[in-house]
Amino acid sequence: MIDPEEYTELVLRCAESVPPGRVTTYGAIAVAVGDVVGGGGPRQVGNVMARHGGPVPWWRVVRSDGTLPSSHQGEALARYREEGTPLKESGVRTRVDLGAAFAEPSLR
DNA sequence: AATATGACTGTCT
DNA sequence: AAGACAGCCATAT
């Protein structure tokens, strides 16, 4: 296993690297970060966001299907409208249009 | 050391 | 389209 601080830092950096109006997924970050430090899965990324996601634009990190984390979807939706993130609306449910908004996370 | 839990994901029903 | 189930991996108790 790697140094937790290192892992956290990389994950947060990926989140910050996502430009306004774009999003990335937990899985993508897990791969990008895991590519460097190894190990880790989407859950670990989510865990890091939960504990240290305060100061970063966590709303630009979504689930693989474009829906938002169980909480915060209301919060995030406001941000998306603010930033002009491509949204796809299926009836009452609103989600991010991954096809248009997905951005590959970079370790900058 | 063992069990439970989580800002996840993919598949099947 | 929406819910159930099962993997996966690190942390917490």
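## Protein contacts with two DNA strands

A polar side-chain atom of Arg93 lies 3.5 Å from a phosphate oxygen of DNA strand C; a polar contact here is a pair of N or O atoms within 3.5 Å, and within protein one must be able to donate a hydrogen and the other to accept it, with residues adjacent in sequence counting only if both atoms are side-chain atoms. This is a predicted model, in which local features need pLDDT of at least 70, side-chain atom pairs count only at pLDDT 80 or more, and totals for chains, interfaces and linings use all residues. Residues are numbered from 1 along each chain as its sequence is written, chains are lettered from A and ligands numbered from 1 in the order in which they are written, and side-chain values use heavy atoms, leaving out hydrogens and water.

Let's start with DNA strand C. Around this strand are Met1, Gly40, Gly41, Arg43, Gln44, Arg51 and Arg93, where a residue is near a molecule or strand if one of its heavy atoms lies within 4 Å of it. Of the atoms of DNA strand C that come within 4 Å of the protein, 74% are sugar and phosphate. Helix α3 (residues 42-52) supplies the largest share of this surface, 3 residues; helices (H or I, at least four residues) and strands (E, at least two) are DSSP runs, numbered from the N terminus. By class, the surface near DNA strand C has 1 nonpolar, 3 polar and 3 charged residues. In this scheme, Ala, Val, Leu, Ile, Met, Phe, Trp, Tyr, Cys and Pro count as nonpolar, Asp, Glu, Lys and Arg as charged, and the others, Gly among them, as polar.

Now for DNA strand B. It is surrounded by 13 residues, the closest being Arg43, Ala50, Trp58, Arg63 and Ser64. Here 46% of the DNA atoms within 4 Å of the protein belong to sugar or phosphate, and the rest to bases. α3 gives the most to this surface too, with 5 residues, and the classes are 6 nonpolar, 5 polar and 2 charged.

Some polar contacts from both strands are set out here.

| Protein atom | DNA atom | Distance |
|---|---|---|
| Arg43, side-chain N or O | strand C, base oxygen | 3.4 Å |
| Arg51, side-chain N or O | strand C, phosphate oxygen | 3.3 Å |
| Gly27, backbone N or O | strand B, phosphate oxygen | 3.3 Å |
| Met49, polar backbone atom | strand B, base nitrogen | 3.3 Å |
| Ser64, polar backbone atom | strand B, phosphate oxygen | 3.0 Å |

Helix α3 also packs against helix α1 (residues 4-17), at an angle of about 85° and with the axes 10 Å apart. Axes are lines fitted to C-alpha atoms, for helices over the stretch in contact, and angles run from 0 to 180 degrees between N-to-C directions. The two helices are therefore roughly perpendicular to each other, a label for angles of 65 to 115 degrees, while those under 35 count as roughly parallel, those over 145 as roughly antiparallel and the rest as oblique. Tyr7, Thr8, Val11, Leu12 and Ala15 in α1 meet Gln44, Val45, Val48, Met49 and His52 in α3, contact meaning heavy atoms within 4.5 Å.
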